[in-house]
Amino acid sequence: ISEGIPEGAAYAVFSARDMVGNRGTEIDAGAVIQVDGKGPDVRSLAITPVEPVQNSQSEPAVITAIIGLNDQIAPNGAPSLSYQLSAPGRAPAEIQNITRVATMPGDAETWRAVFPLPADAGLAAPETLSFIYEGADDLGNASDKILGKNAHQIYQGELPPLPAPGGL
């Protein structure tokens, strides 16, 4: 995924002379083309239950993540979504249950992912749940960007204290 890829409108310029010196500059069709060099980014991400998420060893919480994309995924494709917990030794876990849902306002497409948390998530100490995303559009432009908040607190037992206020 490279940055600095030009995108937007490209305007064709034409100038030619025929054998007797007549100049032509008119473009009948295709004078403006749209260049798309970026893949679909996650523009919004919301989870249910809302954070902080209380997990339980006996009944692990089931997370529903709704992601809104700023461009469409290739036809017959789907985004790839994994989650990562912050405790040492945790590996990313791929989410298998991801489906396209009715498009939300402001999204080009909206997708829903449903997965259970591990029974030990947040057991020893509160953890942060984050997501790893990959998606490509119909031109093969890929993106792994999640714009906005991508950190959600998971805990077990008593609700952890709030962090110290910032920006004062």
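Glu 127 has Ile 154 in β14 as its bridge partner. Strand β12 (residues 127–136) and β14 are antiparallel and are joined by three bridges. Strands are DSSP runs of E with at least two residues, and helices are runs of H or I with at least four; both are numbered from the N terminus. Two strands count as paired if DSSP finds at least two bridges between them. The model is predicted: local features need pLDDT of at least 70, side-chain atom pairs count only at pLDDT 80 or more, and totals for chains, interfaces and linings use all residues. Residues are numbered from 1 along each chain as its sequence is written, and side-chain values use heavy atoms, with hydrogens and water left out.

Strand β14 (residues 152–155) also pairs with strand β6 (residues 53–54). Here the two strands run parallel, over two bridges. Gln 54 is matched with Tyr 155 of β14. Strand β14 is thus described by two pairings, one antiparallel with β12 and one parallel with β6.

Another set of pairings involves β7. Strand β5 (residues 42–48) and strand β7 (residues 62–69) are antiparallel, with six bridges between them. Strand β7 is also joined to strand β11 (residues 109–116) by eight bridges, again antiparallel. Ile 66 of β7 takes part in both pairings. Ala 46 stands opposite Ile 66, and Arg 112 in β11 is the bridge partner of Ile 66. In a regular strand, side chains alternate between the two faces of the sheet.

Ala 46 belongs to strand β5. The C-alpha atoms of Ala 46 and Ile 66 are separated by 5.3 Å, although the residues are 20 apart along the chain. Beyond neighbours within four places in sequence, Ala 46 is in contact (heavy atoms within 4.5 Å) with Thr 64, Ala 65 and Ile 66. Its relative accessibility is 41%, so Ala 46 counts as partly exposed. The classes are buried for under 20% relative accessible area, exposed for over 50%, and partly exposed in between, with a 1.4 Å probe and protein chains only.

Ala 10 sits in strand β1 (residues 8–11). With a relative accessible area of 28%, Ala 10 is partly exposed. The C-alpha atoms of Ala 10 and Gln 54 lie 51 Å from each other, with their positions 44 residues apart along the chain.

The loop between β5 and β6 contains Pro 49 and Pro 52. Both follow a cis peptide bond. The bond from Thr 48 to Pro 49 is cis, with omega near 0°. The bond joining Glu 51 and Pro 52 is cis as well, with omega about 0°.

Two further loop residues were examined. Asn 76 lies in the loop between β7 and β8 (80–85). Its phi is near 65°, a positive value in a residue other than glycine. Asn 76 is exposed, at a relative accessible area of 87%. Arg 90 is located in the loop between β8 and β9 (93–94). Arg 90 is partly exposed, at 23% relative accessibility. Leaving out residues up to four places away in sequence, Arg 90 touches Gln 84, Leu 85, Pro 118, Asp 120, Ala 121 and Glu 127. The C-alpha atoms of Arg 90 and Ala 121 are separated by 9.9 Å, at 31 residues apart along the chain.

At the level of the whole chain, the secondary structure comprises zero helices and 14 strands. The radius of gyration is 23 Å, well over the 15 Å of the globule rule for 168 residues, so the chain is more spread out than a compact globule. That radius is taken over C-alpha atoms, and the rule is 2.2 Å times the number of residues to the power 0.38. Along its principal axes, the C-alpha trace spans about 90 × 45 × 30 Å.

Buried residues make up 28% of the 168 residues. Of the contacts with a separation of 6 or more, 66% are between residues 24 or more positions apart. The accessible surface comes to about 10500 Å², and carbon and sulfur atoms hold 54% of that area. Areas come from the Shrake-Rupley method with a 1.4 Å probe; for residues, only the protein chains shown count as cover.
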